[in-house]
Amino acid sequence: MVTVSLPRPFRKPKSRAQAAALTCPATFLLMGGAAGSLKSSTAIEAAAQFRDNPNMLSIILRTTALELRDLMREADLLYNQAGGRMNWGDSTYYFSSGAR
């Protein structure tokens, strides 16, 4: 058995489901639920959680530009607090560790 040590979430989880997802040691985690069930917020938080790992690469896709814009606003607030900087040329957040 391999023991995985996860970094603590960057901010306090908003629900028990989000806390469970952010502390899950799985390599891949599938989440489902209705709109507003924090799936996207959890994905953004998980990326911030691993901001010190230079090998971390997180990709979030959306169907429409409007959906992406709303998500980018949320990410911008969190990632700026976590030390991330947005490169608007390639729509990528970069952290000092090399994580993106």
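Let me start with one residue, Arg51, which sits in the loop between helix 2 and helix 3. Before going further, note that this is a predicted model, and the numbers I give are computed from it.

So, is Arg51 buried or exposed? Arg51 counts as buried, because its relative accessibility is 19% and the cut-off for buried is under 20%. What does Arg51 touch, if we leave aside its neighbours within four places in sequence? The contacts are Phe10, Ala82, Phe95, Ser97 and Ala99. Gly83 is another residue to look at here: Arg51 and Gly83 are 32 residues apart in sequence, and their C-alpha atoms are 8.7 Å apart in space.

Phe95 is on that contact list, and we can look at the pair from the other side. Not counting residues up to four places away in sequence, Phe95 touches Arg51, Tyr79, Ala82, Gly83 and Gly84. Ala82 is in contact with Arg51 and is also touched by Phe95.

Phe95 brings us to the nonpolar core. The largest one has 13 residues. Which of them have the most contacts inside it? They are Ile44, Ala75, Leu78, Tyr79, Tyr93 and Phe95. Helix 2, which is 39–49, and helix 3, which is 65–81, each supply at least two residues of this core. The largest share comes from helix 3, with four residues.

Now stay with helix 2 for a moment. Its buried residues are Ser41, Thr42, Ile44, Glu45, Ala47, Ala48 and Gln49. If you look at the numbering, it helps to recall how a helix is built. An α-helix has 3.6 residues a turn, so residues three or four places apart point the same way. What covers the buried residues of helix 2? The cover includes helix 1 and helix 3.

Take Thr42 as an example from helix 2. Thr42 is buried because its relative accessible area is 4%, and the cut-off is under 20%. The Thr42 side chain reaches the backbone oxygen of Leu38 at 2.6 Å. Beyond four places in sequence, Thr42 touches Gln18, Ala21, Leu22 and Met31.

Next, the open spaces. The largest pocket has a volume of about 980 Å³. It is lined by 33 residues, and the closest to its centre are Thr27, Leu29, Thr42, Ala43 and Ala46. So Thr42 turns up again, as one of the residues closest to the centre of this pocket while being buried at 4%. Helix 1 and helix 2 each supply at least two residues of the lining. Which helix gives the most? Helix 2 does, with eight residues. By class, this lining divides into 22 nonpolar, eight polar and three charged residues.

The second largest pocket has a volume of about 360 Å³. Its lining has 18 residues, and those nearest its centre are Ser58, Ile59, Ile60, Met72 and Ser91. Helix 2, helix 3 and strand 2, which is 92–94, each supply at least two residues here. Helix 3 gives the most, with five residues. The classes are 14 nonpolar, three polar and one charged.

Then there is enclosed space. How many cavities of 30 Å³ or more does a search of the whole structure find? It finds one. The largest cavity holds about 40 Å³ of space. Its lining is Arg11, Lys12, Pro13, Lys14, Gln18, Leu22, Ser41 and Glu45. Helix 1, which is 16–22, and helix 2 each supply at least two of these residues. By class, the cavity lining has two nonpolar, two polar and four charged residues. Gln18 and Leu22 line this cavity, and both are touched by Thr42. Ser41 and Glu45 line it too, and both are on the list of buried residues of helix 2.

Last, a residue for contrast. Leu61 is found in the loop between helix 2 and helix 3, and Arg51 is in that loop as well. Is Leu61 buried or exposed? Leu61 counts as exposed because its relative accessibility is 66%, and exposed means over 50%. As for distance, Leu61 and Gln81 are 20 residues apart along the chain, and their C-alpha atoms are separated by 22 Å.

To close, that loop holds both the buried Arg51 and the exposed Leu61.

Methods: Residues numbered from 1 in each chain as written. Predicted model: local features only at pLDDT ≥ 70, side-chain atom pairs only at ≥ 80, totals over all residues. Heavy atoms only, no water. Core = buried A, V, L, I, M, F, W, Y, C linked by side-chain atoms within 4.5 Å. Buried < 20%, exposed > 50% of the residue type's maximum accessible area, 1.4 Å probe, protein only. Contact = heavy atoms within 4.5 Å. 1 Å grid on protein atoms, 1.4 Å probe; cavity = no way out; pocket = protein on both sides within 12 Å on 5 of 7 lines; lining within 4 Å. Points joined across faces, edges and corners; volume = space filled by probe spheres on them. Nonpolar A, V, L, I, M, F, W, Y, C, P; charged D, E, K, R; others polar. Polar contact = N/O pair within 3.5 Å; in protein donor to acceptor, adjacent residues only side chain to side chain.
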